[in-house]
Amino acid sequence: MTKIIDIRDRTPKRSTRPLSRITKIARHHSATTGGDFWAFWNGRWKGLGWNTGGYHEIIFPDGTVQLCYDPNVITNGIANHNTITYHICLVGNGKFTEAQEKAFEERTKLAMKRFGLKEKDVLGHKEFSGASTACPGIDMNKVRLSLTGNKSPVKEEKVKPQVKGVQTSSSQRLLRNVRPYMRGADVEVVQRAVGAKVDGIYGDETERLVRAYQEQHGLIIDGIAGPQVFGAIAAGNKLSKPKYSRLLRRTIPMMRGKDIEAVQAILGVAIDGWYGPITEAAVREFQRAAGIMVDGIVGPQTWNRLF
Ligand SMILES: [Zn+2]
């Protein structure tokens, strides 16, 4: 498994964005044979008067990942494209090790999954409009090819529901104004976020307010609450920091509550308030991506990372 050095709480930073704004992943090279975030910061970026470093992740020749920024931080990777881009840099100058490529593939696949992006959304620095550079020093068509197919080093966990009769759908449903009305806890989450009356019924008023919410957040305005809207809600929840009150884990009988709904909203799984196998698997995946202990349990550390 990829070794992670987490320096996110120490790096200088300024602006943030909702995760729903991220539509591209950029690959860079450092154009050096060595160095890390601090070498680049002190040697280059600070002198340029930057408030924030260049990359979210830096991959060393031995495959170790230096995790520099949370994805909601806007970094200085490519002028005019930073608001929508997640930046990953490989230390090297047009030459990279097998360990680096393996780590890049793993990290990029995780990011693609997290932001709902496809191989075509993974671009080399020089493929962005207006960029004039040799970076990332590799044929991106080959890179994108390596991201397709099922040879992901990040194995999907197969989980079986142990308790019968509990909803365990892994995909969030699309909420829309249809007859009969759609009802549920997920509707309430949306209503709370858009400022509608919280009755759990997706009607005309909810649709109207979802449209307004979509307009405010720069999303497609269709009145349908899907992954984009839930992503924006999750990003918004992050800012409001709900208080940690108890250890959340998979138990028999299952734990249930509003705090579990909040976790589910962040993780993008079906919001039913039950701490079941899907939620546990999503927590494990989150922990792996965050570089913290992977136990499928939301304790104080995981809670603080989530929110
Ligand atoms: Zn670059």
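Q: Where does Ala-31 lie, and what makes its phi angle worth noting?
A: Ala-31 lies in the loop between strand E2 (24-29) and helix H1 (37-45), where helices (H or I, at least four residues) and strands (E, at least two) are DSSP runs numbered from the N terminus. Its phi is positive, about 60°, although Ala-31 is not a glycine. Most residues other than glycine have a negative phi.

Q: On what kind of model do these statements rest?
A: This is a predicted model, in which local features need pLDDT of at least 70, side-chain atom pairs count only at pLDDT 80 or more, and totals for chains, interfaces and linings use all residues. Residues are numbered from 1 along each chain as its sequence is written, and side-chain values use heavy atoms, with hydrogens and water left out.

Q: Why is Ala-31 called partly exposed, and how is Asn-80 classed?
A: Buried means under 20% relative accessible area, exposed over 50%, and partly exposed in between (1.4 Å probe, protein chains only). Ala-31, with a relative accessible area of 44%, is therefore partly exposed, whereas Asn-80, at 79%, counts as exposed. Asn-80 has a positive phi as well, about 70°, although it is not a glycine, and it is placed in the loop between strand E4 (65-67) and strand E5 (85-90).

Q: How do you know which protein atoms are donors of the zinc ion?
A: Donors are N, O and S atoms within 2.8 Å of the metal (3.2 Å for Na, K and Ca), and since water is not among the atoms, sites may look incomplete. The protein atoms that qualify are ND1 of His-28, ND1 of His-125 and SG of Cys-135, at 2.1 to 2.3 Å from the zinc ion. Along the sequence, the spacing of these donor residues is H-x96-H-x9-C. His-125 and Cys-135 are 10 residues apart, both in the loop between strand E6 (122-124) and helix H3 (140-147).

Q: Are the donors His-125 and Cys-135 buried or exposed?
A: His-125 counts as buried because its relative accessibility is 15%, and Cys-135 is likewise buried, with a relative accessible area of 6%.

Q: What makes the packing of H7 on H8 oblique?
A: The axes of helix H7 (residues 258-267) and helix H8 (residues 277-290) come within 10 Å and cross at roughly 55°; such axes are lines fitted to C-alpha atoms, for helices over the stretch in contact, and the angles run from 0 to 180 degrees between N-to-C directions. Angles under 35 degrees count as roughly parallel, over 145 as roughly antiparallel, 65 to 115 as roughly perpendicular and the rest as oblique, so H7 is oblique to H8. The crossing of H7 and H8 is left-handed, a term used if the near helix is turned anticlockwise from the far one by less than a right angle, with right-handed used if it is turned clockwise.

Q: Which residues make the contact of H7 with H8, and how do they divide by class?
A: Val-263, Gln-264 and Leu-267 of H7 meet Thr-279, Ala-282, Val-283 and Phe-286 of H8, contact meaning heavy atoms within 4.5 Å. Ala, Val, Leu, Ile, Met, Phe, Trp, Tyr, Cys and Pro count as nonpolar, Asp, Glu, Lys and Arg as charged, and the others, Gly among them, as polar. The contact of H7 with H8 accordingly has five nonpolar, two polar and no charged residues.

Q: Why are H2 and H3 called roughly perpendicular?
A: Helix H2 (residues 98-115) and H3 pack at an angle of about 70°, with their axes 10 Å apart, and the two helices are therefore roughly perpendicular to each other. Their crossing is right-handed. Phe-104, Glu-105, Thr-108, Lys-109 and Met-112 in H2 meet Val-143, Ser-146 and Leu-147 in H3, a contact that divides into four nonpolar, two polar and two charged residues.

Q: How do you know that Leu-248 is buried, and what does it touch?
A: Leu-248 has a relative accessible area of 0%, so it is buried; its place is in the loop between helix H6 (227-240) and H7. Not counting residues up to four places away in sequence, Leu-248 touches several residues, including Met-255, Val-263, Tyr-275 and Trp-303.

Q: What makes the bonds before Pro-180 and Pro-253 notable?
A: Most peptide bonds are trans. The bond joining Arg-179 and Pro-180 is cis, with omega about -5°, and the bond from Ile-252 to Pro-253 is cis, with omega near -5°.
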